[in-house]
Amino acid sequence: MPKSNNSRSWIDILSEIVELFFKSSRQNKRGRSWHQHVVPYEGDWAVRREGNKRITSKHRLQETAIRKAKRLARKYKADVVIHRQDGSIRDRINFD
């Protein structure tokens with residue numbers, strides 16, 4: 001039975017769906033990062049995911065915030081960006 005020009009085989013449709021799936025998964029990875037920032041927050045220190053307005057956690061000591069940020073960054077293979085009290089960047093640790 002000859003194929004008409006308007007019909008496509010199920011293999012063509014399936015391969016197109018698979019291709020779209022992989023394209024969308026690559027785009028999501030490029031979207032937001034999991035980098036964790038240790039920032040001054042209301043007289044204390046906070047961990048904030050890059051791009052978020054809300055904080056992930058608040059800590060009295062910077063060292064405690066750094067430990068929390070390192071745990072998250074290790075889990076998501078991201079970076080920890082440590083800020084000084086004035087907001088400038090003090091250090092960056094990569095867990096890639």
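Two strands are taken to pair if DSSP finds at least two bridges between them. In the predicted model described here, this criterion applies to β1 and β2, and V39 of the protein chain stands opposite A46 in β2. Six bridges join β1 to β2, and the two strands run antiparallel. A further facing pair is formed by V38, which stands opposite V47 in β2.

The overall architecture places this hairpin in context. The secondary structure of the protein chain consists of two helices and five strands, and their sequence order follows the pattern α-β-β-β-α-β-β. The five strands form an open sheet in the order β3-β2-β1-β4-β5, with mixed pairing. The edge strands are β3 (57–59) and β5 (89–94), each of which pairs on one side only. From one strand to the next, the twist averages 20 degrees. Strands of a sheet pair through backbone hydrogen bonds, in either the parallel or the antiparallel sense. The parallel sense is represented by β1 and β4, which pair over three bridges; Q36 stands opposite V80 in β4.

The largest nonpolar core comprises twelve residues: V38, W45, V47, A65, I66, A69, L72, A73, A78, V80, I82 and F95. Two or more residues are given to this core by each of β2, α2 and β4, and the greatest contribution, five residues, comes from α2. In soluble globular proteins, nonpolar side chains tend to be buried together. Both members of the facing pair V38 and V47 belong to this core. V80, the residue opposite Q36, is likewise a core member. The surroundings of I82, another residue of the core, can be listed in detail. When residues up to four places away in sequence are not counted, I82 touches V38, Q62, I66, S88, I89, R90, D91 and I93. Of these neighbours, V38 and I66 are among the core residues.

Two residues other than glycine were found with positive phi values, and each is located in a loop. E42 lies in the loop between β1 (36–41) and β2 (44–49). In the hairpin of these strands, which has two residues between them, E42 takes a positive phi near 50 degrees. E42 counts as exposed because its relative accessibility is 62%, and the cut-off for this class is over 50%. K77 occupies the loop between α2 and β4 (79–83) and has a positive phi of about 50 degrees although K77 is not a glycine. With a relative accessible area of 58%, K77 is therefore also exposed.

R74 provides a contrasting case of accessibility. This residue is located in helix α2 (residues 62–76). Its relative accessible area is 47%, so R74 is classed as partly exposed. Along the chain, R74 and N94 are 20 residues apart, and their C-alpha atoms are separated by 8.7 Å.

Values for the whole chain complete the description. Of the 96 residues of the protein chain, 25% count as buried. The chain exposes about 7600 Å², of which carbon and sulfur atoms supply 51%. Among contacts with a separation of 6 or more, 26% are between residues 24 or more positions apart.

Methods:
Residues numbered from 1 in each chain as written. Predicted model: local features only at pLDDT ≥ 70, side-chain atom pairs only at ≥ 80, totals over all residues. Heavy atoms only, no water. Helix = DSSP H or I, 4+ residues; strand = E, 2+ residues; numbered from the N terminus. Buried < 20%, exposed > 50% of the residue type's maximum accessible area, 1.4 Å probe, protein only. Core = buried A, V, L, I, M, F, W, Y, C linked by side-chain atoms within 4.5 Å. Contact = heavy atoms within 4.5 Å. Areas by Shrake-Rupley, 256 points an atom, 1.4 Å probe, with all protein chains shown as cover. Axes fitted to C-alpha atoms, helices over the stretch in contact; angles between N-to-C directions.
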